[in-house]
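Trainee: I am new to this structure and would like to take a close look at a single part of it. Could you walk me through that part carefully once we have it in front of us?

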Amino acid sequence: MIRRVICSIWILLWLATGPAHSQEAVAVFKAPDATPTKTLLVRSTTDIAILQPALKAFVQANPSLTLTYEQWGSNALYADSRAACDGTGTPADVVISSGVQQMVDLVNRACAQPYISATTNAIPPSRKWRDEIWGITQEAAVIIYNTDLVPPQDAPNTRFALLDLMRRPSSEYKGKIATYDIEASGLGFLFAFVDSQEATTFGGLLEGFSRTEAVATCCSAEIIQGVADGTYLIAYNVLGSYVDSVPHQNIGIIYPEDYTLFLSRALLIPKTAPNTDDATRFLEFLLSPAGQSILSESNLVQRLNSDENPLPESAQRPIAIDPKLLVAMDQHRRAIFVNKWRATFEPETGP
């Protein structure tokens, strides 16, 4: 689905066309009344509307820059970045993706360049690797449900409760539970793969999804809207930052009490980036207190408040940006995992 953002003095948006491009939308940012002399090209999986406040603030602080922002799907962005690394595509200056395992793979393939500063040294080791990739956000994987249609006692606060719900002999949730399609979404694959390593419930979840004819679909916005309008009653492993960014009165958000995964959206600077100086300036801004505050206001940095959300620290599971994620990129392991997923979500056929 192509996203559109309303034009303003800050932003011009046009639709990407032509077979050579797979971006979903493109936007151009510059400070009002500025006459920029340089361009920074950012390719990212983050919705333009959600990252827009940070992009506006950055160009306001750097009026000599025009920032061109391309929004991509994670799988397409990974393929594009591989092509740029191999010399068969045009490189961006900055790449940001929620498909963190794909970004770690790019670093492992020597597709990124290093950068070290006091700012990057200050972030936790779990949010960086080889001084070539950095986590800029903190976003929870949550369960959401339609509060008008799901009784309070059915709202699953843990994966075990979700399993119990899916094992009921009645069919009120049949075809009404959604999650990401791991073949269409790099983020969805990451969440499911980490679940498979983290949870003893993963096999049961797959069985439950199959039993209830759960729906696997590509996109956060589609899943969230589907829960809001009653197409789905419950959705599993949805990116909480996107749910919070467009509040719906009838959507309940659950941080699973058994454990809640936290994603740190990853940024790298391609080794062939034309504008490295401004790319590092952009990284410094996003990691600065001012940048993190703006990302927090956009719900991309979710800070759990013990009064509003008493999720204990022991239940908070950050997905570390490290070489262990390369396991998720192993072709043989991926094929086995995807085949199990297909068997869960593809309907059985007759003889």
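Trainee: By class, how many nonpolar, polar and charged residues does the lining of the largest cavity have?

Mentor: Please keep in mind that this is a predicted model. By class, the lining of the largest cavity has nine nonpolar residues, together with two polar and three charged ones. That cavity has a volume of about 100 Å³, and of the 14 residues that line it, Ser-81, Ala-84, Val-95, Cys-111 and Pro-270 are the closest to its centre. Helix α2, which covers residues 74-86, gives the most to this lining, with four residues.

To set this part in its surroundings, the count of cavities of 30 Å³ or more comes to two, and the second largest has a volume of about 80 Å³. The second largest cavity is lined by 14 residues, and those that lie nearest its centre are Thr-179, Ala-192, Tyr-236, Asn-237 and Trp-341. Its lining divides into ten nonpolar residues, three polar and one charged, while β9 (177-180), α6 (186-198), α7 (202-211) and β11 (234-239) each supply at least two residues of the lining of this second largest cavity. As for why a cavity can be located in the first place, rolling a probe the size of a water molecule over the atoms shows where empty space is left.

Technical notes. Residues numbered from 1 in each chain as written. Predicted model: local features only at pLDDT ≥ 70, side-chain atom pairs only at ≥ 80, totals over all residues. Heavy atoms only, no water. 1 Å grid on protein atoms, 1.4 Å probe; cavity = no way out; pocket = protein on both sides within 12 Å on 5 of 7 lines; lining within 4 Å. Points joined across faces, edges and corners; volume = space filled by probe spheres on them. Nonpolar A, V, L, I, M, F, W, Y, C, P; charged D, E, K, R; others polar.
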